[in-house]
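Visitor: Hi, I have just opened this one and have never looked at it before. Could you walk me through it?

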Amino acid sequence: MQPNGTRRRIIETANMLFYQHGFDATSFTDIADAVDISRGNFYYYFKAKDEILDAVIEARLADTRAMLAAWEADGATPAARIRSFIHILIANKSKIKRYGCPVGTLTTELAKLNHASRRDARALFTLFRDWLAAQFRALGHETEADALAMHLLVRSQGVATVMNAFPDETFIRREVAAACAWLDDYTHGETCPDCRA
């Protein structure tokens, strides 16, 4: 396997382990064992766990940018694009029920550790915040766009946290429908087709 392929496997594996077990609880050995390479070969790519964390955050940022670009391309209207964000709770419900939100859990853990990378991890939320605010501005809500974006971020994080504590399918669908109904108030009559009774 080529070096870039091995490095990518290390990052993908670390990303999964950090999400499932937490950054602090995941050791170099855990990652090396999961990738099935020797410690010596592992050190060729990464000298410290913090270097892996930086690479994981960069990979998550790239994945998030790609997802937002896809929503931008697929959504015919700003409201449709915002609904893609809301419906991610359903699309990722199995993982969220088990491990929580990958963005929220990482930023919370790094804040508790007072880790130097906490600001870098916060950039994931900033991507969503800025993108959502741009959608609300496109809907004509220029002065309150950022506040609306933050409201939706807070709401989705709250739902993800409670989903993790109470993994109830009815709760998830009800909260997604409620978020879409809230959005309907800002869309000039365009309602969510997936949330209609």
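Guide: Let us begin with a term that will come up again: a residue is called buried when its relative accessible area is under 20%, exposed when that area is over 50%, and partly exposed in between. Please also keep in mind that this is a predicted model.

Visitor: Okay, so try that on methionine 16: which class does it fall into?

Guide: Methionine 16 has a relative accessibility of 39%, and because partly exposed covers the values between 20% and 50%, methionine 16 counts as partly exposed. Its place is in helix H1, which spans residues 3–21.

Visitor: And how far is methionine 16 from arginine 137?

Guide: Their C-alpha atoms are separated by 35 Å, and the two residues are 121 apart along the chain.

Visitor: Let's zoom out. How many helices and strands are there?

Guide: The protein has 10 helices and zero strands, and its C-alpha atoms fill a box of roughly 60 × 35 × 30 Å along the principal axes. Of its 197 residues, 44% count as buried, and if you take the contacts between residues at least 6 apart in sequence, 67% of them join residues at least 24 apart.

Visitor: What about the surface, how much of it is there?

Guide: The accessible surface comes to about 10,500 Å², and carbon and sulfur atoms account for 52% of that.

Visitor: And the charges, how many of each?

Guide: There are 24 positive and 25 negative charges, and the mean positions of the two sets are 2 Å apart. On the surface there is also a patch of negative charge, where Asp50, Glu51, Asp54, Glu58 and Asp120 gather.

Visitor: Which helix gives the most to that negative patch?

Guide: That is helix H4, residues 49–74, which contributes four residues to the negative patch. Aspartate 54 lies in helix H4, and with a relative accessible area of 35% aspartate 54 is partly exposed.

Visitor: Does anything else touch on aspartate 54? What is serine 117 in contact with?

Guide: Once its neighbours within four places in sequence are left aside, serine 117 is in contact with Leu53, Asp54, Ile57 and Leu110. Serine 117 sits in the loop between H7 and H8, and it counts as buried because its relative accessible area is 5%.

Visitor: Then tell me about H7 itself. Which of its residues are buried?

Guide: In H7, the buried residues are Val103, Gly104, Leu106, Thr107, Glu109 and Leu110. Their cover includes H4, H8 and helix H9, which runs over residues 145–165.

Visitor: What follows H7?

Guide: H7 is followed by asparagine 114, which has a positive phi near 50°. Asparagine 114 belongs to the loop between helix H7 (102–112) and helix H8 (118–138), and with a relative accessible area of 58% it is exposed.

Visitor: Why point out a positive phi?

Guide: Because most residues other than glycine have a negative phi. Asparagine 114 is not a glycine, although its phi is positive.

Visitor: And what is phi at aspartate 36?

Guide: Phi of aspartate 36 is near 65°, again a positive value in a residue other than glycine. Aspartate 36 is found in the loop between helix H2 (28–35) and helix H3 (39–45), and at 66% relative accessibility aspartate 36 counts as exposed.

Key:
Residues are numbered from 1 along each chain as its sequence is written. This is a predicted model: local features need pLDDT of at least 70, side-chain atom pairs count only at pLDDT 80 or more; totals for chains, interfaces and linings use all residues. Side-chain values use heavy atoms; hydrogens and water are left out. Helices (H or I, at least four residues) and strands (E, at least two) are DSSP runs, numbered from the N terminus. Buried means under 20% relative accessible area, exposed over 50%, partly exposed in between (1.4 Å probe, protein chains only). Contact means heavy atoms within 4.5 Å. Accessible areas come from the Shrake-Rupley method with a 1.4 Å probe; for residues, only the protein chains shown count as cover. Lys and Arg count as positive and Asp and Glu as negative; His and the chain ends are not counted. The place of a charge is taken as NZ of Lys, CZ of Arg, CG of Asp or CD of Glu. Patches are made of residues with over 30% relative accessible area and no salt bridge: like charges are joined within 9 Å, nonpolar side chains (Val, Leu, Ile, Met, Phe, Trp, Tyr) within 5 Å. A salt bridge is a side-chain nitrogen of Lys or Arg within 4 Å of a carboxyl oxygen of Asp or Glu.
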